[in-house]
Amino acid sequence: MLNSGSNVDRNEEENAQCEFIGNVGLRLRQPRGSPSAPDLSFAVPRPFWGKGYATEAANAVLDFYEKEKGVVDVLGYCQPKNENSKKMFRRLGFVDAGIRNVKGIKGEGTLEVYAWVRSRTGKRIEAFGIGRE
Ligand SMILES: CC(C)(COP(=O)(O)OP(=O)(O)OC[C@H]1O[C@@H](n2cnc3c(N)ncnc32)[C@H](O)[C@@H]1OP(=O)(O)O)[C@@H](O)C(=O)NCCC(=O)NCCS
């Protein structure tokens, strides 16, 4: 079972019978100047790669936030050479925005990352405060 950043987890009794194998979640960054939409993150230990668990969990989290919370725009960040993450974002319907400098991902500073956007309203990444510089 993957821990999710939403309230879709099972109850305590069911949790006790499951093994937690990773994390998937949405986070709205707080520092001043951070992007105005939340971003999706995911991590699964290597023995569990290549089985579709992360994709299934991420789709469930995205669905939950869209249907229950009205979150229709989601961002994503990964290291430029992280090909597994890039494939994940593509599978989930994110659009490639290339390398960007993003504020608020790591403390108050700016970090160079590979950025992604999944906007149900057709917005470009610039609409969320992420420019080229
Ligand atoms: C990013 C990460 C979660 C991706 O893991 P992953 O195993 O590629 O993703 P999934 O669990 O969704 O598995 C999908 C793969 O399983 C395959 N697969 C096998 N059986 C499957 C099934 N029944 N259903 C769906 N996919 C299946 C898919 O074809 C796909 O393989 P492919 O990428 O070669 O096409 C993982 O690499 C990771 O945790 N990395 C370290 C942390 C990290 O970098 N996090 C990202 C920071 S933004």
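This passage walks through the ligand shell, the strands beside it and one residue of helix α3 in a predicted model.

Start with the ligand. The shell around it holds 18 residues, and those that come nearest are Trp49, Gly52, Ala54, Thr55 and Asn84. Two or more shell residues come from each of β3 (39-43), α2 (53-69), β4 (73-78) and α3. Of the elements, α3 chips in the most, with four residues. As for chemistry, the shell splits into nine nonpolar residues, seven polar ones and two charged ones.

Next, the strands. β3 and β4 run parallel and are joined by two bridges; Leu40 has Gly76 in β4 as its bridge partner. To get from β3 to β4 the chain goes by way of α2, and this β-α-β crossover is right-handed. β4 also pairs with strand β6 (residues 110-119), here in the antiparallel sense and over six bridges. Within that pairing, Asp73 finds its bridge partner in Ser119 of β6.

That leaves Lys86, which sits in helix α3 (residues 83-91). Lys86 counts as partly exposed because 18 other C-beta atoms lie within 10 Å, whereas a buried residue would need 20 or more. Setting aside neighbours within four places in sequence, Lys86 is in contact with Cys78 and Tyr114. Lys86 and Tyr114 are 28 residues apart in sequence, yet their C-alpha atoms are 8.6 Å apart in space. Cys78 falls within the residue range of β4 (73-78), and Tyr114 within that of β6 (residues 110-119), so the contacts of Lys86 link α3 to both of these paired strands.

How values were computed: Residues numbered from 1 in each chain as written. Predicted model: local features only at pLDDT ≥ 70, side-chain atom pairs only at ≥ 80, totals over all residues. Buried ≥ 20, exposed ≤ 12 C-beta atoms within 10 Å, placed from the backbone. Contact = placed C-beta atoms within 7 Å. Near = placed C-beta within 6 Å. Nonpolar A, V, L, I, M, F, W, Y, C, P; charged D, E, K, R; others polar. Pairing = 2+ DSSP bridges. Right-handed = clockwise from strand over helix to strand, strands pointing away.
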